[in-house]
Amino acid sequence: MAAPSSYPLFSYGTLQSERVQPARFGRLLDGTPDALPGCTTTYIGITDPEVVAASGTDLHPLVVPSSDPADAVEGSLFRITGTELAAADDYEVDDCARTEVVRGSGVTAWVYLEAPAGEGRAG
């Protein structure tokens, strides 16, 4: 079975940045607004110097489940290549894991969520 030509990736954080995208993907991504329902964001400290240099900040948002079903995390849905998905995996910190979720639009997409205890890195 052939690999897909593009992968849906939902970003709610620094991968939406016009500063990060050229450094990570070599181009600006074309995204559409979307949301992750039933979630909210918190912030985590980043110590990876490459990630801090690319994003310009040592605080990055992290999606967490919300007890309020009306909550939603706004972001962008991108279509990226397999090589770009690997570059996104490399950019994300060990506190995050790539997970498939259904977006507010009904589209299933990859998103980086808090890694379960004992896990880490994208999957």
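This report walks through a predicted model of one protein, from its overall build down to a few side chains.

**How far to trust it**

Since this is a prediction, let's start with confidence. The protein's mean pLDDT is 86, and 92% of its residues reach 70 or more. Confidence isn't spread evenly, though: helix H2 (residues 49–55) has the lowest mean, at 81, while strand S1 (residues 7–11) has the highest, at 95. Keep one general caution in mind: where pLDDT is low, the predicted coordinates should not be read in detail.

**The overall build**

Count up the elements and you get 3 helices and 7 strands. Reading from the N terminus, they follow the order β-α-β-β-α-β-β-α-β-β. The radius of gyration is 14 Å, close to the 14 Å that the globule rule gives for 123 residues, so the protein is as compact as a globular protein of that length. If you'd like a feel for the dimensions, the C-alpha trace spans about 40 × 35 × 30 Å along its principal axes. As for what's tucked away, 44% of the 123 residues count as buried.

**Strands side by side**

Strand S5 (residues 72–80) is a good one to find in the structure, with S1 as one of its partners. S2 (residues 31–37) pairs with S5 too. Here are the two pairings:

| Strands | Sense | Bridges |
|---|---|---|
| S1 and S5 | antiparallel | 5 bridges |
| S2 and S5 | antiparallel | 7 bridges |

You can zoom in on single residues here. Phe10 stands opposite Leu77 in S5, and Ala35 stands opposite Glu74 in S5.

**Rings and charges**

Phe10 turns up again when you look at side chains: the charged end of Arg103 sits over the Phe10 ring, 4.0 Å from its centre. Something similar goes on at Trp110, where the charged end of Arg98 sits over the ring, 4.3 Å from its centre. Looking for aromatic rings paired with each other? The structure holds 0 aromatic pairs.

**The cysteines**

How many disulfides does the structure hold? The count is 0. Take Cys39: its nearest cysteine sulfur belongs to Cys96 and is 13 Å away, and Cys39 is in no disulfide. A disulfide needs the two sulfur atoms within 2.5 Å. Cys96 is likewise in no disulfide, with the sulfur of Cys39 as its nearest, 13 Å away. Are these cysteines buried or exposed? Cys39 is buried, because its relative accessible area is 12% and the cut-off for buried is under 20%. Cys96 counts as buried as well, at 3% relative accessibility.

Notes: Residues numbered from 1 in each chain as written. Predicted model: local features only at pLDDT ≥ 70, side-chain atom pairs only at ≥ 80, totals over all residues. Heavy atoms only, no water. pLDDT = per-residue confidence, 0-100. Helix = DSSP H or I, 4+ residues; strand = E, 2+ residues; numbered from the N terminus. Buried < 20%, exposed > 50% of the residue type's maximum accessible area, 1.4 Å probe, protein only. Pairing = 2+ DSSP bridges. Phe/Tyr/Trp six-rings, centres within 6.5 Å; stacked < 30°, edge-to-face > 60°. Lys NZ or Arg CZ within 6 Å of the ring centre and 35° of its normal. Rg over C-alpha atoms; globule rule 2.2 N^0.38 Å.
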